Amino acid sequence: MAETAKTASLQEETRIFNTPQDIIEYSNAYQWMKKKGFKTEMEMRKWCSDNYIEFWDEMAKTYADWSVPYTKVLDDSGKPYYKWFTGGKINVAYNAVDRHAKGAKKDKVAYHFIGEPVGDARDITYGQLYIEVNKMANALKGAGVVKGDRVVAYLPMIPELPITMLACAKIGAIHTIVFSGFSSGGLNSRVNDAEAKVVVTADGFYRRGKPLPLKPNVDEAMKTAPSVQKVVVVKRTGVAVPMTEGRDVYYDDFVKGQSEECETVMLDPEDRLFILYTSGTTGKPKGIEHAHGGYAVTPAQTTSWVMDVHDDDVFWCTADCGWITGHSYVVYGPLCLGASTILYEGSPDFPDLGRWWSIIEKYGVTVFYTAPTAIRMFMKTGEEFVKKYNLSKVRILASVGEPLNPEAYMWFRKNIGSDRAPIIDTWWQTETGCHVIAPLVMTPEKPGSVCFPLPGFNTDIFDEDANSVPLGYGGNIVQKTPWPSMLRAFFRDEVRYKKEYWDMYWQVKPGTYLAGDKATRDKDGYWWIQGRIDDVLKVAGHRISNAEVESAAVSHPKVAEAAVVGQPDEVKGEKIVAFVILRDGVAESPELAKEISVHVRKVLGPVAYPDKVYFVKDVPKTRSGKIMRRVIKAKALGKETGDLSALANPESVDNIPRIDL
Ligand code: WT7
């Protein structure tokens, strides 16, 4: 079986990078380790994972304030529907905002907001954030939003985005953030699945110096969105947009006159905080549910332990709040810790490739968290712009979303980290809510490896029969024990939740979570991520399912069928290639290929744009009609296609063209 084949030759990396001793000794995790009397990192990691309930109990008490203390850390009686912190009462918004605003951090900056137009920036203190959140929470209540209702935000990275999230949390409403790079179709399906009552959006946003419209996408999506009663529109660019009488209201008018105080509703720790849609194997995005209790604990704990954020740090996670990284490390993690964070609206290369570095210099960013695709983009464009800025305050660098290849690791280290900062490559998922496998500041790093599972996790690599594989072998990443910020279910679909994540090993080892990635461990036990086991693409770090792009392509009137695969790309990780079967009588042409790509972008948004469209007569399928994407990919890339005996139409493989690299 391919998954269990020995992969010893895979990782021959011999370089090891040790973090300078002063940075290690200053780090939060190291100090905890010393306080507890552990002699080595491995001894600490092992104890925390063996005693994960005790560990998470201590973390929950350290990082979160509970209005009513919980009586049980973990209730696993109904697995895999785990419950954490039973008997307690909490609200993550209290932890993220209220307690700081009412305490010593009232005048501390929560967000350094930086708009894309140069000079358009403002700082928001915890005291100010408190007022803004309260006004929005009161306005939402005024619009009839009650506990458990869903509110969609479809916004650029402007302060109203975290404010809306926190306002929802405060009153027990459930937020669903839809990435502003999704099209009206993507917004429509999410709004309808969540049955959202309110949509918060903006007239537009700035991208590479140009104001771009956003509201027209909302109007299009609202044509078939019967649950939506109100659309709240932030004036960001000031361009006139059509407003629908009775439904649409400008944000300023919505919050005008609202009280600056609003009661924070204390909730059951299992009450849902948000739904975030992510891509799975099928064309329909999954609404991943997360809960208040867990989210008040692990994002903050990992921001402290893994990102090593201290009180006087300036943290910058470049992710958009439309993705899980933004939820955990732009909003809940740093705010619960009471840290100062950058919120940047624009792209990394406007007005030039020095924009990010200028922000790091100006704001004295000390902890910088970004994605491999961005690092590789900078690597490709050279060091000229990096050299113009003083990045010497950067103490910690971190990466997420896809494998950080050793070349990119080295570039990041040398050019941004002054050859001193550790690089924390964090593996985790929308489903996990927080980091799961990563080095700590004290861990000796191997470039390209995510090092080890974090304290509190019992992560392993299983073969098909639920045996842990020996060092040097590959297999499925699993979690053998639950963790506080784990997903709780799919919105209104608990059955599919169990099926997708827990059924694989249920017969042998019930309570084993299947992550959906493959990994291997080298002779020293270092972990190397090998990629998804399902048909999910990673394009510039964004998770997109092959099936979603296929169904978007098929919605073009001239397309009969489509098969989509990822082609390796040195900057984006993968790019999208579509093999399209046209309807009878339709002529192939380069214009039509382009038209299909544009159509997919219109349906799903720019993140899902197919770079290439090839016309084929047939695609390989199994007898049950499943498209064999693996075979298509192998043929297209000129690799071994392997055993074709399962195919219903083996001859179709011949007509898959070799794609130009
Ligand atoms: C998938 C989850 C978690 C925040 C961003 C993405 C891949 C994530 C790494 C990493 C190699 C990684 C996995 C995972 N992935 N981090 N450090 N090295 N691969 O969240 O959209 O839910 O995607 O991203 O394949 O399953 P997501």
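## The 99-483 stretch

Between residues 99 and 483 the chain is 29% helix and 22% strand, with the C-alpha atoms at the two ends 25 Å apart. The UniProt record, an unreviewed entry, gives these residues as "domain: AMP-dependent synthetase/ligase". Please keep in mind while you browse that this is a predicted model.

## Helix H5 and its partners

A good place to begin is helix H5, which spans residues 92-101. The axis of H5 comes within 8 Å of the axis of helix H6 (residues 126-142), and the two cross at roughly 125 degrees. Angles over 115 and up to 145 degrees count as oblique, and so H5 is oblique to H6. The crossing of this pair is left-handed. On the H5 side the contact is made by Ala93, Val97, Asp98, His100 and Ala101, and on the H6 side by Tyr126, Gly127, Leu129, Tyr130 and Val133. Sorted by class, the contact of H5 with H6 has 7 nonpolar, 2 polar and 1 charged residues.

H5 also meets helix H7 (residues 160-171), where the axes come within 8 Å and cross at roughly 120 degrees. H5 and H7 are therefore oblique to each other, and H5 passes H7 in a left-handed crossing. Here H5 contributes Val92, Ala93, Ala96 and Val97, while Leu166, Ala169 and Lys170 come from H7. The contact of H5 with H7 has 6 nonpolar residues, no polar ones and 1 charged. If you click on Ala93 or Val97, you will find each of them in the contact with H6 and in the contact with H7.

## Helices H12 and H13

Another helix pair to look at is H12 (residues 298-305) with H13 (residues 324-337), which pack at an angle of about 85 degrees with their axes 7 Å apart. That angle makes H12 roughly perpendicular to H13.

From H12, the residues in the contact are Pro299, Ala300, Thr302, Thr303 and Ser304. They meet Ser328, Tyr329, Tyr332, Gly333, Pro334, Cys336 and Leu337 of H13. By class, the contact of H12 with H13 divides into 7 nonpolar and 5 polar residues, with no charged ones.

## A four-stranded antiparallel sheet

Now for some strands. Four of them form an open sheet in the order S19-S20-S22-S23, with antiparallel pairing. Strand S19 (459-462) and strand S23 (527-532) are the edge strands, each pairing on one side only. From one strand to the next, the twist of this sheet averages 45 degrees.

Inside that order, strand S20 (residues 474-479) pairs with strand S22 (residues 513-521) in the antiparallel sense over 5 bridges. To find your way into this pairing, look for Gly474, which stands opposite Thr520 in S22.

## The 548-626 stretch and its sheet

UniProt lists residues 548-626, again from an unreviewed entry, as "domain: AMP-binding enzyme C-terminal". Over these residues the chain is 28% helix and 32% strand, and the end C-alpha atoms are 15 Å apart.

An open sheet of 3 strands has the order S26-S27-S28, with mixed pairing. Strand S26 (559-569) and strand S28 (612-615) stand at its edges with a single partner strand each, so one side of each is left without a neighbour in the sheet. The twist here averages 25 degrees from one strand to the next. S26 and strand S27 (residues 573-582) run antiparallel and are joined by 10 bridges, with Ala563 standing opposite Phe579 in S27. Helix H18 (residues 546-554) lies across S26 and S27, running at about 140 degrees to S26.

## Backbone details in the loops

Finally, a few spots where the backbone deserves a look. The peptide bond from Lys79 to Pro80 is cis, with omega near 5 degrees, and Pro80 sits in the loop between strand S1 (72-75) and strand S2 (83-86). Another cis peptide bond joins Phe350 and Pro351, with omega about -5 degrees. Pro351 lies in the loop that runs between strand S15 (340-344) and helix H14 (355-363).

Ser418 has a phi near 50 degrees, a positive value in a residue other than glycine. You will find Ser418 in the loop between helix H16 (406-415) and strand S18 (423-426).

Note on methods. Residues are numbered from 1 along each chain as its sequence is written. This is a predicted model: local features need pLDDT of at least 70, side-chain atom pairs count only at pLDDT 80 or more; totals for chains, interfaces and linings use all residues. Axes are lines fitted to C-alpha atoms, for helices over the stretch in contact, and angles run from 0 to 180 degrees between N-to-C directions. Angles under 35 degrees count as roughly parallel, over 145 as roughly antiparallel, 65 to 115 as roughly perpendicular and the rest as oblique. A crossing is left-handed if the near helix is turned anticlockwise from the far one by less than a right angle, and right-handed if clockwise. Two residues are in contact if their C-beta atoms, placed from the backbone, lie within 7 Å. Ala, Val, Leu, Ile, Met, Phe, Trp, Tyr, Cys and Pro count as nonpolar, Asp, Glu, Lys and Arg as charged, and the others, Gly among them, as polar. UniProt positions are given in the numbering used here, feature names are shortened, and annotations may be inferred rather than shown by experiment. Two strands pair if DSSP finds at least two bridges between them.
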